[in-house]
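Visitor: Could you take me in for a close look at one part of this structure, strand by strand? Once we've been through it, feel free to wander on to whatever else is worth seeing.

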Amino acid sequence: MTPDILSEDTPFIIKESRLSVAYEKPFKLQGGAIALCEKGSATLIINGKNYEFMPGYEVILLNEDELYIPDHSEDFRTTLFYCSQDMLYMAHWKCESFFFNQLQSHPVHRYGKETCNATKACFDMIQSTYNEDNRYKRIIVTNLLRNLLLNAYDKIQRNIDEPAKTPAKTRKDQLYRTFIEKVAKHCIHHHDVEYYAGRLDISPRYLGTITREIEGRSPKDIIDTYIVQEIKILLSFSDMTLQQIADQLRFPDQSYLGRYFKRLAGKSPLEYRKSGVTQ
């Protein structure tokens, strides 16, 4: 799973893989990947969060995601699809930013046997189509990849909906759950803690007590995480100018956006956008 083997003529690979590139140290993607666990098990750390990975699970990684595998069984194997940034961009073209946010917020999920077989069949179609002498093969392959991502998005939404149907154990749990839902939906236009506390009919101080108790972070830190993710998505998957991004996310101007993003992401928006260009 290395970007240097991809090119304009070879924009993707499909193969059996142990994902060993991420064993010794974190590996940052320049492109996108879908992996189905076939045998064994592993612990995946994706962007700092731990996930158990075993047969019946799928992982989707997008550009700039960081993968580290500190532990795995000897027989750990996956079926891996890895594509270039250009191919990923075309598959994402004109999708809403919330779509990317959900994919990156929920990279690992379970799949049933039928879904697994359908995904493998789609991999086979991608490979066979690209090997054919077909003038439209790039468009066909891109649409197949888009279908895989949409199918994963559907599974994510179903998994999110299930806990929502289960009554929260405490009022704090319910308030926290509602807070996260509202931030995911409204962070583009509302950046302040007071807005969300008001929607929950509680004080900002009490909201802070809830989020620190359940997640160990302040409400502002959580809001900032979602906003930075929205900015990264727009920088990676659109050709919007910094001023257009600032306008869409309701920042005063692009300079303010730049300072905000660099403080939280560690690099300027332009540096981040440049780092996402396919090698």
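**Strand E3 and its surroundings**

Guide: Let's start with strand E3, which is joined by 4 bridges to strand E6 (residues 57-61), the two running antiparallel. Keep in mind as we go that this is a predicted model. Ile34 makes a handy marker here: its bridge partner in E6 is Ile60. Now look across to strand E8 (residues 77-83), which also runs antiparallel to E3 and is joined to it by 7 bridges. On that side, Ile34 stands opposite Phe81 of E8. How enclosed is E3? Of its 8 residues (32-39), 6 are buried, so the rest of the structure largely encloses this strand.

Step back and you can see the sheet that E3 belongs to. It's an open sheet of 5 strands, in the order E1-E8-E3-E6-E9, with antiparallel pairing. The edges are taken by strand E1 (12-17) and strand E9 (108-110); each has a single partner strand, so each has one side left without a neighbour in the sheet. From one strand to the next, the twist averages 15°. Back on E3, another pairing to pick out is Ala33, which stands opposite Leu61 in E6. The sheet also has a helix packed on it: H1 (residues 85-92) touches E1, E3 and E8, and its direction makes about 80° with that of E8.

You've already met Phe81 as the residue opposite Ile34. Phe81 also belongs to an aromatic cluster, together with Phe12, Phe123 and Tyr130.

While we're on rings, the count of aromatic pairs comes to 9. Take Phe53 and Phe76: their ring centres are 6.2 Å apart and their planes stand at 70°, and since over 60 degrees counts as edge-to-face, that's what this pair is. The two come from distant parts of the chain, 23 residues apart, with Phe53 in strand E5 (residues 49-53) and Phe76 in the loop between strand E7 (66-72) and E8. Both Phe53 and Phe76 are buried. For another geometry, try Phe251 and Tyr260, a tilted pair with 5.1 Å from centre to centre and 55° between the planes. Phe251 has 7% relative accessibility, so it counts as buried. Tyr260 counts as buried too, at 7%.

Now for some helices. The axes of H5 (residues 171-186) and H7 (residues 204-214) come within 10 Å and cross at roughly 95°, so the two helices are roughly perpendicular to each other. Where do they meet? H5 brings Lys172, Asp173, Leu175, Tyr176 and Phe179, while H7 brings Tyr206, Leu207, Ile210, Thr211, Glu213 and Ile214. Sort the residues of that contact by type and you get 7 nonpolar, 1 polar and 3 charged.

One last stop is Gln229, in helix H8 (residues 219-237). Is Gln229 buried or exposed? Its relative accessibility is 18%, and because buried means under 20%, Gln229 counts as buried. As for company, setting aside the neighbours within four places in sequence, Gln229 is in contact with Asn101 and Gln104.

Conventions
Residues are numbered from 1 along each chain as its sequence is written. This is a predicted model: local features need pLDDT of at least 70, side-chain atom pairs count only at pLDDT 80 or more; totals for chains, interfaces and linings use all residues. Side-chain values use heavy atoms; hydrogens and water are left out. Buried means under 20% relative accessible area, exposed over 50%, partly exposed in between (1.4 Å probe, protein chains only). Two strands pair if DSSP finds at least two bridges between them. Axes are lines fitted to C-alpha atoms, for helices over the stretch in contact, and angles run from 0 to 180 degrees between N-to-C directions. Angles under 35 degrees count as roughly parallel, over 145 as roughly antiparallel, 65 to 115 as roughly perpendicular and the rest as oblique. Contact means heavy atoms within 4.5 Å. Ala, Val, Leu, Ile, Met, Phe, Trp, Tyr, Cys and Pro count as nonpolar, Asp, Glu, Lys and Arg as charged, and the others, Gly among them, as polar. Rings of Phe, Tyr and Trp (its six-membered ring) pair if their centres lie within 6.5 Å; planes under 30 degrees apart count as stacked, over 60 as edge-to-face and the rest as tilted.
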